[in-house]
Amino acid sequence: MSRLQAEHLYKVFGRQPEDGVRKLEGGADRDELRAEGTTAAVIDASFTVEPGQIFVVMGLSGSGKSTLLRMLNGLLEPTAGRVMFDDQDLTALNPRDLRAVRSRKISMVFQHFALFPHRSVRDNAAYGLEVQGVEREERTRRANEALELCGLAGWEDSWPDELSGGMQQRVGLARALATDADLLLMDESFSALDPLIRRDMQDQLLELQKTLKKTIVFITHDLNEAMRLGDQIAVMRDGRIVQTGTGEDILVRPANDYVRRFVEDVDRTRVLTAGSIMEKAKAGQTLDKKKVADGDSASVTAETPVAELFGPLSDGSTEIEVTGENGELIGVVPRDRLLSVLAEDPRFDELEGGVPEPRDAKVVKSGA
Ligand SMILES: Nc1ncnc2c1ncn2[C@@H]1O[C@H](COP(=O)(O)OP(=O)(O)OP(=O)(O)O)[C@@H](O)[C@H]1O
Ligand SMILES: [Mg+2]
């Protein structure tokens, strides 16, 4: 499996890009360079994507996301810094070797996936394999497999225009999966889809990822999408990564006011889970079977979103037991812990210092 590392990546567009980098290193900001007619698209970006992780890059339009992604697969040469992939310095490869890595190990899925209108769905999915020079028989087999993974079994012989937008986007995903590439780079891949279909695609990607365990860099400007998909999320602003962390880190411990404002509208009760807010079970502590049977204590799994904990607590129970894969007790969420999580919500006034009174008590009572 593959590991991807960006080390102090810079991309400056303009006449003397290296000068631009030196100025940025010396503390200049994007606006100063812009005044001179150069654009600092990506400034000093460093991160590591572990094998099997979904790494989300999130930021507003123009923050440098696509430029960063294009440097990761060598489509754009960094002005400074380097990209390590599978312990290989992509930035040092000659064009031929780079093309070879790009066609075998890296796949890209774009926002508007261009399918070939006069090729069948299968041949569209097999396109990357064709570029690699794979034999027809094997191409067909692998394309069929990938289409099935993406929920398109039965559509292999259709034409692209017979498919809905969401299905066409799946063909794009199937094309990327068929090549067996370890690294998937996805640039706003779901952004053109209707909200419901988009959610389906997110679910499907997460489901596929459980077995495929690709290394994925996923770009989005949608915070909720970032929170749903990202094992790690990098927030970009004006070319710089201003914070990298889990969805929970970013939500609960925003690095600065910019990130704090960015995440203000996120429904944290949907992002935080029982597992992330529970108090860990002490050694030897077991599930209180009697309490559970009497209905004094409810039990949920670690993945249960906080939003779904209000129901079990609404009957007056004082805590919720959190169980692991084999039904064993792994922790408890006391009622007051749940309330204090809500109180940390920026929708409530007094953020600092102790547990404040919720401003809008309704949110607490009817939260489920
Ligand atoms: N080839 C180029 N030449 C000059 N400037 C460029 C070039 N490509 C990108 N830029 C500039 O770099 C900055 C970052 O662009 P980029 O496309 O990476 O942003 P983005 O975060 O992907 O935005 P969006 O969400 O709109 O896709 C922008 O100011 C853009 O105008
Ligand atoms: Mg972009």
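This is a short walk through one structure, sheet by sheet and helix by helix. Keep in mind that the model is predicted.

Let's start with the six-stranded sheet. The sheet is open, and its strands come in the order 6-7-8-3-9-10. The pairing is mixed. Who stands at the edges? Strand 6, residues 106–109, and strand 10, residues 240–245. Each has a single partner strand, so one side of each is left without a neighbour in the sheet. From one strand to the next, the twist averages 15°.

Now look at strand 3, residues 54–59. In the strand order, strand 3 sits between strand 8 and strand 9. How many of its six residues are buried? Six of the six, and strand 3 is described as mostly covered. Take the two faces in turn. On one side you have Ile54, Val56 and Met58. On the other you have Phe55, Val57 and Gly59. Both faces are covered, and these residues are all buried.

Next, the partners of strand 3. With strand 8, residues 215–220, strand 3 pairs in the parallel sense over five bridges. With strand 9, residues 232–237, strand 3 also runs parallel, and five bridges join the two. Met58 is a good residue to click on. In strand 8, Met58 stands opposite Thr220. In strand 9, its bridge partner is Val235.

Move one strand along, to strand 9 and strand 10. Here the sense is antiparallel, again over five bridges. Arg237 has Arg240, in strand 10, as its bridge partner. The loop between strand 9 and strand 10 holds Asp238. Is Asp238 buried, exposed or partly exposed? Its relative accessible area is 41%, so Asp238 is partly exposed. Its phi deserves a look too. The value is near 50°, which is positive, and the residue is not glycine. For context, most residues other than glycine have a negative phi.

There is a second case of this kind. His8 is in strand 1, residues 4–13. The phi of His8 is near 50°, also a positive value in a residue other than glycine.

What lies across the six-stranded sheet? Two helices to show you here. Helix 3, residues 65–72, lies across strand 3, strand 6, strand 7, strand 8 and strand 9. Helix 3 runs at about 160° to strand 8. Helix 8 lies across strand 6 and strand 7. Its angle to strand 6 is about 175°.

Stay with helix 8, residues 165–178. Which helices does it pack against? I'll take helix 7 and then helix 9.

Helix 7 covers residues 136–149. Its axis and that of helix 8 are 8 Å apart, at an angle of about 130°. Helix 7 and helix 8 are therefore oblique to each other. The crossing is right-handed. Which residues meet? From helix 7, Arg142, Ala143, Ala146 and Leu147. From helix 8, Ala174, Leu177 and Ala178. By class, that contact has six nonpolar residues, no polar ones and one charged.

Now helix 9, residues 195–212. The axes of helix 8 and helix 9 come within 11 Å and cross at roughly 20°. That angle is under 35 degrees, and the two helices are therefore roughly parallel to each other. This crossing is right-handed as well. Helix 8 brings Gly166, Gln169, Arg170, Leu173 and Leu177. Helix 9 brings seven residues to look for: Ile197, Asp200, Met201, Gln204, Leu205, Leu208 and Leu212. The classes here are seven nonpolar, three polar and two charged. Note that Leu177 is in the contact with helix 7 and in the contact with helix 9.

One more residue in helix 9: Gln202. Is Gln202 buried or exposed? Buried, because its relative accessible area is 4%, and the cut-off for buried is under 20%. What does Gln202 touch? Setting aside residues up to four places away in sequence, Gln202 touches Phe190, Glu225, Arg228 and Leu229.

Last stop, the four-stranded sheet. This sheet is open and mixed too, in the order 11-14-13-12. Strand 11, 279–280, and strand 12, 298–301, stand at the edges. Each has a single partner strand, so one side of each lacks a neighbour in the sheet. Inside, strand 13, residues 319–323, runs antiparallel to strand 14, residues 329–334. Five bridges join them. Ile320 has Val333, in strand 14, as its bridge partner.

Note on methods: Residues numbered from 1 in each chain as written. Chains lettered and ligands numbered in written order. Predicted model: local features only at pLDDT ≥ 70, side-chain atom pairs only at ≥ 80, totals over all residues. Heavy atoms only, no water. Pairing = 2+ DSSP bridges. Axes fitted to C-alpha atoms, helices over the stretch in contact; angles between N-to-C directions. Parallel < 35°, antiparallel > 145°, perpendicular 65-115°, else oblique. Left-handed = near helix turned anticlockwise from the far one by under 90°. Contact = heavy atoms within 4.5 Å. Nonpolar A, V, L, I, M, F, W, Y, C, P; charged D, E, K, R; others polar. Buried < 20%, exposed > 50% of the residue type's maximum accessible area, 1.4 Å probe, protein only.
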